[in-house]
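Trainee: Please take a close look with me at one helix in this model, and then at the site that a record marks. I would like to know how far I can lean on the details.

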Amino acid sequence: MDDADSADRLIGDDDAGPPVPDMVQVGNSPKYRVDRRLGKGGFGQVYVGHRMLATDPGAPEVALKFEHRTSKGCNYAPPYEWTVYSAIGGIHGVPRVHYKGRQGEYFVMVMDMLGPSLWDVWNNNSHTMSVEMVSCIAIEAISILEKVHSKGYVHGDIKPENFLLGTPGTPEEKKLFLVDLGLATKWRDSSGLHVDYDQRPDVFRGTVRYASVHAHLGRIGSRRDDLESLAYTLVFLLRGRLPWQGYQGENKGFLVSKKKMATSPESLCSFCPQPFREFVEYVVNLKFDEEPNYAKCVSLFDSVVGSNPDIRPLNTDGAQKLIHQVGQKRGRLLIEEESDEQPKKKIRMGMPATQWISVYNGRRPMKQRYHYNVADSRLVPHIEKGNEDGLFISCITSCSNLWAVIMDAGTGFTSQVYELTPHFLHKEWIMDQWERNYYITALAGANNGSSLVVMSKGTSYTQQSYKVSDTFPYKWINKKWRDGFYVTSMATAGSRWAVVMSRNTGFSDQVVELDFLYPSEGIHKRWDNGYRITATAATWDQAAFVLSVPRRRPTDETQETLRTSAFPSQHVKEKWSKNLYLASVCYGRTVS
Ligand SMILES: Nc1ncnc2c1ncn2[C@@H]1O[C@H](COP(=O)(O)OP(=O)(O)OP(=O)(O)O)[C@@H](O)[C@H]1O
């Protein structure tokens, strides 16, 4: 089978460095003879260590994890993973670290010796694993994650390779352990508060096959991400394959995340017992800062393996304790479960849904007019009539090659030009207008590749730049932000994006929310922090929202959004009566 993406971790260093020493002594440790290599990851290499001159011939073997001091995990300083092991090493299901220190070119960690990984077990068993075994793994893994999370950390790279069993032939051989804390991050800061929400669409950490969709989108990791990756790990072990395996190439991360988003829990778990589907459904619906109900998750899988712990293929002691604790708080749990009964929106559809997304700002009364379903030939008469009435175009978009045009009396523009062309975008015309001190103030593209560009005088802009790209050009935006530009318009034509950025916009900060559907949670979190949507665009796959903080606070900070299957003509009129005016509109991927 294709396993190429299993090791496809996008950060880390594959350089093994010089040979590891034959003998190790770090900190106050005894001397260890370095024996065979157990494994190699993106950061380090793990070897068996034997106690030299052991008075007790039965002294247990240890695992020695070597990281070269120039590796990415170290960068000449002790590995970041050490900090995490100091905080959580030795808790239930995480191996104990006995000594650590530097020897020569290497940082060395002496830890409990463990056995094969779940990937090894699955691989050596003809790529299969029994329902009972996977259910026990689920139960124990959830309880380990609960412990890791209770220490304030998320693991960040949950996958079959990072769960190890105890050493074969020892009492620990049926115990599960979680290793590789190199990508762990804090979900709770030192004052006990949840870390702040953020999205950086160009940042990916983790393993493509098992990463949560939020991780693909560059959102700050939180507890829900470990559980989503665990869900994919479990389904992989049970079914032997995940629907997004096999993509290759530069665009692989995007294609995999798109497929994850388009795979409903039903189809992902079509050959798995019911609790697996319920678990997937639960975890993909968790909010950024929501506390997962670990006991409820464990109890889902408990029903698969039966109540007799003696016949379980894996030790589930940790989970028994979790269930027991919960049992003592039974009354509370029942109440929580009841409130859980509220129907949650199912976000993984399996089918894309396309809608109008309209954004309204509170402002002083003004004249606003809209036209929709406008064919190319009707465009000029509508705009000319508007201009005659003292209105300028504030916002445009396209749906099925028909235009929607919003015209306002309150734009502050003094003059306006526009061009409808078969190009996305028509560079020569734009350059000519820049020469004449016009700046792009609105932009739309149609599925057939044509575009409508509106350029105005009377803006505050002093410089402008645009980019057309097949994927959302976040890297370019990020670079331009550093040069003092902010996104001022955005459009799509089919699956292509065009983004316009300007200098001297009156914004003091800007962020992007990019998702496969309407990113409701992200937008609410940004609103709470003073951001307001200032540009929107969507393709069949993705919706992008640019949110900005204005340098001068508006007198009315109200902003509302609407999603409707038809153009929201009636809604717009209702909003006008409340002094809310259309500020941005696009047609594209959301969720029904
Ligand atoms: N305590 C241990 N006992 C036995 N084998 C271990 C132990 N720790 C790690 N290994 C083996 O070594 C491999 C690499 O270890 P680990 O995942 O910690 O390294 P890494 O460089 O951080 O890897 P990754 O690229 O997955 O982040 C593991 O997949 C496992 O096979």
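Mentor: Happy to! The expected span of a helix is 1.5 Å times one less than its number of residues. Keep that in mind for helix α5, which covers residues 223-239 of this predicted model. With 17 residues, α5 reaches 25 Å from its first C-alpha to its last, close to the 24 Å expected. The helix is mostly covered, as 16 of its 17 residues are buried. Just after α5 comes G240, with a positive phi near 85°.

Now for the marked site. An unreviewed UniProt entry places a "binding site" feature at K65. This lysine lies in strand β4, which runs over residues 62-68. K65 counts as buried because its relative accessible area is 12%, and the cut-off for buried is under 20%. Setting aside neighbours within four places in sequence, K65 has contacts that include Q45, V46, F107, V108, M109, M111 and D180. E81 is another of these contacts, and a polar contact of 2.9 Å joins its side chain to that of K65.

As for leaning on details, the chain has a mean pLDDT of 90, with 91% of its residues at 70 or more. Residues 1-15 have pLDDT below 50, although this stretch makes 51 contacts beyond near neighbours in sequence. Residues 330-343 are also below 50, and that stretch has six such contacts. Where pLDDT is low, the predicted coordinates should not be read in detail.

Technical notes
Residues are numbered from 1 along each chain as its sequence is written. This is a predicted model: local features need pLDDT of at least 70, side-chain atom pairs count only at pLDDT 80 or more; totals for chains, interfaces and linings use all residues. Side-chain values use heavy atoms; hydrogens and water are left out. UniProt positions are given in the numbering used here, feature names are shortened, and annotations may be inferred rather than shown by experiment. Helices (H or I, at least four residues) and strands (E, at least two) are DSSP runs, numbered from the N terminus. Buried means under 20% relative accessible area, exposed over 50%, partly exposed in between (1.4 Å probe, protein chains only). Contact means heavy atoms within 4.5 Å. A polar contact is a pair of N or O atoms within 3.5 Å; within protein, one must be able to donate a hydrogen and the other to accept it, and residues adjacent in sequence count only if both atoms are side-chain atoms. pLDDT is the predictor's confidence in each residue, from 0 to 100.
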